[in-house]
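Hi,

Here is the structure I promised to pass on to you. Have a look at it first, and then read on for my notes.

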Amino acid sequence: MDRRQFLASAASLGIIGVWATRLAAAPSRVVWREDRASFPQGVASGDPDDHSVVLWTRRPFDQGERHALTVEVARDADFRSVVARARTPVLAAADWTCRALVGGLLPATTYWYRFTDDSGAGSRVGRTITAPRASDPRPVRFAFVSCNSVNEGAQNAFRRMIWEDERAPADRKLGFVLHLGDFIYEVVEYPDEVSHRYSRTVYDLGRIPDDRKVGNFHVPTNLAGYRHVYRAHIDDPDIQDARAHFPFVCIGDNHEFSWQGWQSFIKYGGKIEPAQPLRVAANQAWWEYIPSRVRKASGPGLDQFNPPVVASAPIGTFDDHGFGTEANNSTAVGSMTAYRALRYGKHVDLILTDFHSYTMQNPGDRPETDVFDFGFPVVPQELMEIIDAGKDYAGGNPPATITIGDKRAPNFRKDEPAYTMLGPKQKAWLKERLTRSTATWKIWGATNGTLDMRTDPQNLPAGLVKDKWPGKDFGTFGGGDFSGAFSERAEIYDTVRDHKLAGFVTISGDRHSFWAGYAAPKLPPARFDPVGLSFITGSISAPGLAEAAEYMKDFPLLPLFVRKAPGAVPEATINLTIKRGVRAALEYAASGDIAKARAATNPDVAPHLEFVDMAGHGYAVVSAGPNVIDTEFICIVRPIARAATPDGGPLRYRVSHRAKLWQPGTPPKLEQRMLEGDAKLSV
């Protein structure tokens, strides 16, 4: 695309198009003085392609509804070689956030940018990097992250990421950061009400305007509330520095709207409520604060979101895929379409999906399942498979009655469709994008976990608990993420197999833990036949299950979660429970002998797992080349307080998971190397 085509296209779409001059670069003529107080949330860039990138800042003004800023892009941090300059609007209607699409840039090139107001007050200088051309054979290297809870932790992982990147050789620097959701936590604690949770200090994020209190949390009720929470998160210095140092590619998860929400529903205290205006507000705030190329219903203009007007109305009818047909629900969800794909060189097609906008209600959360409360920390897998598959169970022959142990109930799902989290339109798009990809690695950013999280309670020692395990065999820790969408996940994986796609990889977040393993439609006792690789990154800062277990009251099955030896740091036996089975976890809890614990492994529990750490915080780095993909987990110590050193503090471990490109029809094989530290309960 040449300059005339780019600017004409931008104008027709209402985008502020800025075209870079590649040959006539010159020193800046703008009078600029850095004034970070006038640009309190700093700068950011997002969704780079091989010739353009979206740039962002926020410049609040005390008066007026519309002002203008000057944006500059240069080849150097001192702006002696400026390649693009333009005026960009900043509007009160967009909470004074400002976006500019800069085109005409060179591929795989680092640029610096800044914004200046008419008084000469300037933003900090940001750094961004364009994507390589689709024909570029060089390896692609990027980080993926999720779950930065500023309310309950420190964002030391971002500090570590910047510190390492600044010292890396050119071929080891990151091209971008993929944020897989929970950029904000809309559930906010106030420190005067809750000073600590677990061993964590609750940090003050201010008062959410017009908030609603739910238990110990306060949540937004309107656009002003979401905007407040975004500003509070971006005010964190490590988040702000990371956004200024790297281009980000972002997709939301659940907390960008509502913790237990889906479509336009919210759920608090077990009560489900329609919340169409809240869904629109959440989408608008995301669009305003996350620079990206997502599609919004009002068109792709970058000056403001222009939200549709919707009413909060009961949602009582649903289509064949569980989507509420009420008009306001459709309009609210459709106000922004976030799923999209980006190409990075010859080797990476990055495909991002949205698991919360189009999903049907999770059948495991419905009251019809309450009868099957057995008092175990896991749920019989056959129960989850029956209610997941609905009328498609057992080849279209679902049971009329669900019988688990000594409990029976009508099969409320026998006439309903299989559970979908993607929805039909997005799923068809995902399949089409996967099957036509020419990249070496088809990397699916799946936001929440795809790897099964289960164990073998059928092997619990007699007498350990009063009740007998009611299931036929394995128990799952629930169906709250994509690992519980058994039918839909298998459908995607079968597409990969049927089209003989090599280089299929899923990367996820949300679980607040590190996982590495294989993408497989089924696990034992069914046939285990992996079609790709799967990785989950630990949280940046949000607490996880292993940490929560340290504060559980004592009960007979606590050793499956944590070992508390006198005078020692608690150890996450939950890792062994998931990867090796209950006997391995109980052995380690009793003896502390990892060799004995490994000897007690049940190989059928988790043939899909090579690594799991339910206590992991940090980030993951992918290096994808022509023949090999390597995913490195960089795990920091628990981020309770902001690190005092510029490197973000010490590491717990650094581990590499490497795989050669496999041929279709043959299973992939991960090779693991512990580069630093020790993670003996994870491997």
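**Helix H10 and its surroundings**

The residues of H10 that count as buried are Phe486, Glu488, Arg489, Ala490, Ile492, Tyr493, Thr495 and Val496. Please keep in mind that this is a predicted model. In an α-helix, residues three or four places apart point the same way, because there are 3.6 residues to a turn. H10 itself covers residues 486-498, 13 residues in total, and spans 18 Å from its first C-alpha to its last, close to the 18 Å expected at 1.5 Å a residue.

What covers those buried residues? The cover includes two helices, H7 (381-389) and H9 (424-436), together with the strands S27 (441-448), S30 (504-509), S31 (514-519) and S32 (532-536). After H10 comes lysine 500, with a positive phi near 55°.

**The sheet**

Four of those strands also turn up in an open sheet of seven strands with mixed pairing, in the order S22-S23-S27-S30-S32-S31-S33. Strands S22 (340-344) and S33 (609-613) stand at its edges; each has a single partner strand, so one side of each lacks a neighbour in the sheet. From one strand to the next, the twist averages 20°.

Within this sheet, S23 (residues 348-352) pairs with S27 in the parallel sense, over five bridges. In one of the pairings, aspartate 349 has lysine 442 of S27 as its bridge partner. Helix H9 lies across S22, S23, S27 and S30 and runs at about 175° to S23. H10 packs on the sheet as well, touching S27, S30, S31 and S32, and its direction makes about 155° with that of S30.

**Backbone points to check**

Most residues other than glycine have a negative phi, and most peptide bonds are trans. With that in mind, here are some places you may like to view.

- Proline 524 and proline 525 are joined by a cis peptide bond, with omega about 15°. Proline 525 sits in the loop between S31 and S32.
- Aspartate 47 has a positive phi, near 45°. This residue is in the loop between S3 (43-46) and S4 (53-58), and aspartate 47 counts as buried at 0% relative accessibility.
- Aspartate 95 also has a positive phi, near 60°. The loop between S6 (82-91) and S7 (97-103) holds aspartate 95, which is buried with a relative accessible area of 9%.

Happy viewing, and best wishes!

Notes: Residues are numbered from 1 along each chain as its sequence is written. This is a predicted model: local features need pLDDT of at least 70, side-chain atom pairs count only at pLDDT 80 or more; totals for chains, interfaces and linings use all residues. Side-chain values use heavy atoms; hydrogens and water are left out. Helices (H or I, at least four residues) and strands (E, at least two) are DSSP runs, numbered from the N terminus. The expected span of a helix is 1.5 Å times one less than its number of residues. Buried means under 20% relative accessible area, exposed over 50%, partly exposed in between (1.4 Å probe, protein chains only). Contact means heavy atoms within 4.5 Å. Two strands pair if DSSP finds at least two bridges between them. Axes are lines fitted to C-alpha atoms, for helices over the stretch in contact, and angles run from 0 to 180 degrees between N-to-C directions.
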